[in-house]
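Visitor: Could you take me through the cysteines of this protein and explain the words you use for them?

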Amino acid sequence: SMRSILLLSCFILLAQSAGPQEWKKRSIYQILTDRFGRSKSDGNVKNSCENLYDYCGGTFKGIEERLDYIQGMGFDAIWISPIVKNSDGGYHGYWQTDLNSLNENFGSEGDLKDLVRECHKRGIYVMLDVVANHMGHLDNLGSYSVITTFNKTDYYHTCHNCNDNCAIKNWNDQDQVERCRLTHYLPDLNQTNPFVQKTLLKWINSTVKNFQFDGIRIDTVPEVSKSFWTLYQKAAGVFSVGEVFNGRMSYVGGYQQPKGPLNSVLSYPLFFSLRTVFAQGSGMTKIATAIDSNSKNAGDINHLVNFVDNHDNQRFLSMNSNLGLFKSFIVFNFLFTGIPCFYYGGEQEFNGGKDPQCREPLWKGKGYNTQSEVYNLLSVLNSLRKKTEIWNLQQQIRSSERDFFSFSRGNEILVALTNQLNPLDKKTRDHPFKDGQIVCNLLANECQTITNGILSISILNAQPKVFYKQ
């Protein structure tokens, strides 16, 4: 009918206008397409994935068949790997050779469109990982002529002022970071070349439109000039999150609007600080220091993407196997200002070490267990975010001590965390609740009535507490 056609066209417009205001209400589940799920209809199930350096058989269909599993944790956005054709062994998607062909290992154009369509039907946004800094693996390819999209030397930066193998040697020299190679075998595109610039901008614009993506995650952002990213963000027309793999917020924040070119950046400095606190036992006052630095240096803290794990770093549980500490980091991540992002496998307590060990196939081990402790935690946190519209609630640090950190959101939530494994008992007035209110810890069956302004907090084995006003 005419009415449903109109509704559908409104919906498609909506999908295309997913900006920061829509994204800050979301939480993202990060997927490595090759490692998340294999399709039941796929005959390639013989691959036991002993070699984590090569393809393991995950596909777009494999994701589509398991959207219930993702939604069961309460996620309403997914981030998938780069989709273009790669040189041999590029299971992760970062060794692109031909921007105009899809990586057939993941499936067909139809499969990808089906996945996005099914996600949209369920109210899930899809974020695409993209690369505009470099092309595929030169050792495997021999010469530029094999890189279909950019087959001439002119399209790349020269090795002038780089180290012997053309790679970046001084990460404090911004000119070098932008012109030299990330690694000797990844030829560095010259975005000031008119053909390169036009091709990259046209590609991102048509790819987002063609597949109806709602956002993009941009790889290797500091390795390309800010002026190019301004054009790229505009051409994409959707929410853009940049990867600035750096621990200094004064540097990272310079890439986020309004200070810099992109809507958002991954919250790397906070990630590093929180890892030292929760995995390595640093004093918890470090958290307040990092938060302060975020507030001073970010373009907009509400749109930063916060994460606990990702595909480029050893997993938290490989550094520290205590589940209470892992859960505390997760709770912080989901209830603190910003957009939470969770890396697949963490819900099954994966503990892989440095890349590629942290890129395990999800179908190994416990598989898709929806009863696991972390799976349930994520479901509780995501539903609390939605129920309280947490992105609208005022945030306040309540306690910042060596072994205790707490913060509130509005008058409804108090998060209490420790990184000590010894029992911790506190009676505190640093909370948002009023006398006579009944307050419950959502992560265990514990309630109390606030009396004389006192909230009692007792923590065992670093288990996080989320107090919520009933």
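Guide: What follows is a short conversation about cysteine pairs and how they are named.

Guide: Please keep in mind that this is a predicted model, in which local features need pLDDT of at least 70 and side-chain atom pairs count only at pLDDT 80 or more, while totals for chains, interfaces and linings use all residues. Residues are numbered from 1 along each chain as its sequence is written, and side-chain values use heavy atoms, with hydrogens and water left out.

Visitor: Why is the pair of Cys-159 and Cys-166 called a disulfide?

Guide: The term is used for a pair of cysteine sulfur atoms within 2.5 Å, and the sulfur atoms of Cys-159 and Cys-166 are 1.8 Å apart, so the pair is a disulfide.

Visitor: What makes Cys-159 partly exposed, and what makes Cys-166 buried?

Guide: Buried means under 20% relative accessible area, exposed means over 50%, and partly exposed lies in between, with a 1.4 Å probe and protein chains only. Cys-159 has 37% and is therefore partly exposed, whereas Cys-166, at 5%, counts as buried.

Visitor: Which terms fit Cys-440 and Cys-447?

Guide: Cys-440 has a relative accessible area of 8%, so it is buried, while Cys-447, at 51%, is exposed. Their sulfur atoms are 2.0 Å apart and form a disulfide, which is right-handed, with 105 degrees about the S-S bond.

Visitor: How do you know that Cys-341 is in no disulfide?

Guide: The nearest cysteine sulfur, that of Cys-358, is 14 Å away, which is not within 2.5 Å, so Cys-341 is in no disulfide. Cys-341 is also buried, because its relative accessible area is 1%.
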